[in-house]
Amino acid sequence: MKTISFRLTDKQHHYLAAVAKDQMRSVEQLLWMALSEGIPYMFTEETYCVDKLQCDYTDEDRESMAKYPLATPCYGTQYYGDHPWAEEIRGNVLADIEHELEQADSFDLQAEITRTNELHAQRKQDYEAKEAAKKEEEAAKKEQEAAQ
């Protein structure tokens, strides 16, 4: 679980807290809602590229990886695309209300990053071995043709 802090003027905080109160939310819950809505809105016509973790790969991602062995699945590369990682933040509100937010963070991020990096390293190694075998085969074929 990570905590993010940022600065607001007293006036900005006053209005943010007032909106949160009006919506019967804490400031933190209001910000979770704003992030989950704001990221997709902000990146409707802009793109970004953030590599996905292996646990977030879709069937489409796996098909693409099979077709393009050096490509890695990313979020944010499509105009009007989905941003499920940001939309998932909305769920923090309910988890917080039900006092389950801390339990929801039992995910071992570093292990998943390592697992994802190992997958891509293996994919790259397999691709390079396949390319080297192709070159050897072509060289042997040229050598055989030259001998005839």
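Why are K124 and E128 separated by about one helical turn? I began my notes with this pair, and I found that K124 and E128 stand four residues apart in helix α7 (residues 109–147), which is why about one helical turn lies between them. I should record at once that I am reading a predicted model.

**Entry on the pair in α7.** I looked up how the two side chains relate, and those of K124 and E128 meet in a salt bridge, with 4.0 Å from N to O. I then checked their cover: K124 is partly exposed at 45% relative accessibility, and E128 is partly exposed as well, with a relative accessible area of 44%.

**Entry on the chain as a whole.** I went through the elements and noted seven helices and two strands in the protein chain, which follow the order α-α-β-α-β-α-α-α-α from the N terminus on. The radius of gyration is 24 Å, well over the 15 Å that the globule rule gives for 148 residues, so I wrote down that the protein chain is more spread out than a compact globule. Along its principal axes, I noted, the C-alpha trace spans about 85 × 35 × 25 Å. I also looked up burial, and 21% of the 148 residues count as buried, while the protein chain exposes about 12,000 Å², of which carbon and sulfur atoms supply 52%. Among contacts between residues at least 6 apart in sequence, I found that 72% join residues at least 24 apart.

**Entry on charges.** I noted 17 positive and 31 negative charges in the protein chain, whose mean positions are 4 Å apart. The structure holds six salt bridges, and I looked up two others besides the pair in α7. E37 and R90 meet through their side chains in a salt bridge of 1.8 Å, N to O; this pair links distant parts of the chain, since E37 sits in helix α2 (residues 27–42) and R90 in the loop between α4 and α5 (91–97), 53 residues apart. Of these partners, E37 is partly exposed with a relative accessible area of 47%, and R90 is partly exposed at 34% relative accessibility. K52 forms a salt bridge with D61, where the closest N and O atoms are 2.7 Å apart, and I marked both K52 and D61 as buried.

**Entry on H83.** Is H83 buried or exposed? At 2% relative accessibility, under the 20% cut-off, H83 counts as buried. I located H83 in the loop between β2 (74–75) and α4 (84–87), and, leaving aside residues up to four places away in sequence, I noted that H83 touches I39, P40, F43 and Y48.

Technical notes
Residues numbered from 1 in each chain as written. Predicted model: local features only at pLDDT ≥ 70, side-chain atom pairs only at ≥ 80, totals over all residues. Heavy atoms only, no water. Buried < 20%, exposed > 50% of the residue type's maximum accessible area, 1.4 Å probe, protein only. Contact = heavy atoms within 4.5 Å. Rg over C-alpha atoms; globule rule 2.2 N^0.38 Å. Areas by Shrake-Rupley, 256 points an atom, 1.4 Å probe, with all protein chains shown as cover. Lys, Arg positive; Asp, Glu negative; His and termini not counted. Charge placed at Lys NZ, Arg CZ, Asp CG, Glu CD.
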